[in-house]
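Please open the structure in your viewer and keep the selection tool at hand, because each stop of this tour begins with something to pick out. Take the stops in order, and look around each selection before moving on.

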Amino acid sequence: MDLTNRRTRRWLYGCGLVTVLLSLRLWIYWYYPLLGHDHGALLPAMYEMHDAFARFGRIDLDFSPFRCLGLPVFSHPNGLVWSLFHVASLLFTELGALFAASAVFMVFGYVGCLSLVRGLGFRADVAALLAVGWCLQGFCVSHTLAGHLNFLQFAVLPLFLWIVIHESPSWRALGLVSFWMAHFVYTSGYYLLLTGVPSVLLAAFFLEWSMRERLQSRGLGGGRTAARNLLLAGAIAFCMCAPKALGVLNFTALFPRLIDLQKSTSGARSSTR
């Protein structure tokens with residue numbers, strides 16, 4: 001295979017992307033008509049918002065996602081209201097929307113991993129293989145089968161790394177990182193944010209330690225550059241998801257968790273005897 005030919009490289013990248021998307025479809029429909037148990041949390045949320053938009057209009061101020069059909073969904077940390085899932089539900093059936101939104105996550109993850117590996121100077125076949133392997137890892141497979149499709153956003157972390165190690169990334173690129181950070185929060189993926197961002201930062205420091213000369217020759221930075229860009233993108237993301245964060249804080253303030261953990265666990269043990 002002549003990898004110096006641009007058409008050959010595009011064919012290789014396209015085959016990798018098709019493999020990822022066909023695998024994703026297989027995971028979602030693996031046990032169809034049975035679905036993973038946590039689809040029961042995502043599908044009703046998509047249907048409710050689709051029904052609300054159909055009845056009250058998409059920009060009707062009398063009904064907004066803050067009301068959530070009378071339920072405190074918007075202020076619930078694990079509630080999904082604004083997301084790509086809901087946008088896709090306006091165009092497809094609920095199950096089709098699940099696949100469409102998940103495919104967007106996978107496409108960004110695949111392209112991000114491909115750009116990172118190619119940007120570090122590796123061959124096209126190595127980049128395609130690593131990108132396919134990253135998207136088809138066991139984490140994505142297991143959570144897709146269980147219905148945790150919002151966890152697939154974990155796949156976009158190589159895109160984060162590729163953007164933030166640039167010395168002067170464009171505002172459009174930083175805005176893309178900020179969008180995904182905010183999308184994590186809006187889709188109850190805040191734990192992905194808490195674990196993924198430090199992982200990106202550690203990966204940047206590792207690249208700086210292991211291939212400093214290669215990074216410098218390509219105009220790329222290391223850990224400190226990544227930390228600076230992540231802070232900037234995080235500040236923008238915080239402004240984007242401030243309504244959700246304030247709603248969660250105000251809602252949870254009404255229901256403080258004051259139960260002693262030791263007493264609750266001892267009570268559970270005594271009830272099982």
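Where is the place of Tyr31? Select Tyr31, in what is a predicted model, and you will find the residue in the loop between helix 1 and helix 2 (39-56). Its relative accessibility is 51%, and because exposed means over 50%, Tyr31 counts as exposed. Now add Leu26, Trp30 and Leu34 to the selection: together with Tyr31 they form a nonpolar patch on the surface, with about 490 Å² of accessible area together.

Next, select Leu24, which is found in helix 1 (residues 6-28). Is Leu24 buried or exposed? Leu24 counts as buried, because its relative accessibility is 0%. To see what touches Leu24, show Phe99, Ser102, Ala103, Met106, Thr144 and Leu152, a list that does not count residues up to four places away in sequence. Of these, Ser102 is worth a distance label, since Leu24 and Ser102 are 78 residues apart in sequence but 8.0 Å apart in space, C-alpha to C-alpha.

Now move to helix 9 (residues 190-210) and label its two end C-alpha atoms, which are 30 Å apart. This agrees with what should be expected, because 21 residues at 1.5 Å a residue should span 30 Å. Within helix 9, colour the buried residues, which are Leu192, Gly196, Val200, Ala204, Leu207 and Glu208. As you look at their spacing, it helps to know that an α-helix has 3.6 residues a turn, so residues three or four places apart point the same way. What covers the buried residues of helix 9? The cover includes helix 6 (138-146), helix 7 (157-164), helix 10 (212-217) and helix 11 (223-240).

Stay with Glu208, which is buried with a relative accessible area of 12%, and show the side chain of Arg212, which meets that of Glu208 in a salt bridge (3.6 Å, N to O). Arg212 itself is partly exposed, with a relative accessible area of 45%. Salt bridges that share partners join Glu208, Arg212 and Arg224 into one network.

How many salt bridges does a search of the whole structure find? The search finds four. Another of them to select is the pair Arg228 and Glu167, whose side chains meet at 4.0 Å, N to O. Arg228 lies in helix 11 and Glu167 in the loop between helix 7 and helix 8 (171-186), so the pair ties together parts that are 61 residues apart in sequence. Arg228 counts as partly exposed at 42% relative accessibility, and Glu167 counts as partly exposed at 38%.

Beside Arg228 in your selection, pick Asn229, which is also found in helix 11 but counts as buried, at 4% relative accessibility. Leaving aside neighbours within four places in sequence, Asn229 is in contact with Ile163, Val164, His166, Pro169 and Leu174.

The last stop concerns the cysteines, among which the count of disulfides comes to zero. Cys113 is in no disulfide, and the nearest cysteine sulfur, that of Cys135, is 6.7 Å away. Finally, select Cys239: its sulfur is 8.6 Å from the closest cysteine sulfur, in Cys241, and this is too far for a bond because a disulfide needs two cysteine sulfur atoms within 2.5 Å. Cys113 is buried, with a relative accessible area of 7%, whereas Cys239 is exposed, with a relative accessible area of 58%.

Terms used: Residues numbered from 1 in each chain as written. Predicted model: local features only at pLDDT ≥ 70, side-chain atom pairs only at ≥ 80, totals over all residues. Heavy atoms only, no water. Buried < 20%, exposed > 50% of the residue type's maximum accessible area, 1.4 Å probe, protein only. Contact = heavy atoms within 4.5 Å. Expected span 1.5 Å × (residues − 1). Patch = residues over 30% accessible without salt bridge, like charges linked within 9 Å, V, L, I, M, F, W, Y side chains within 5 Å. Areas by Shrake-Rupley, 256 points an atom, 1.4 Å probe, with all protein chains shown as cover.
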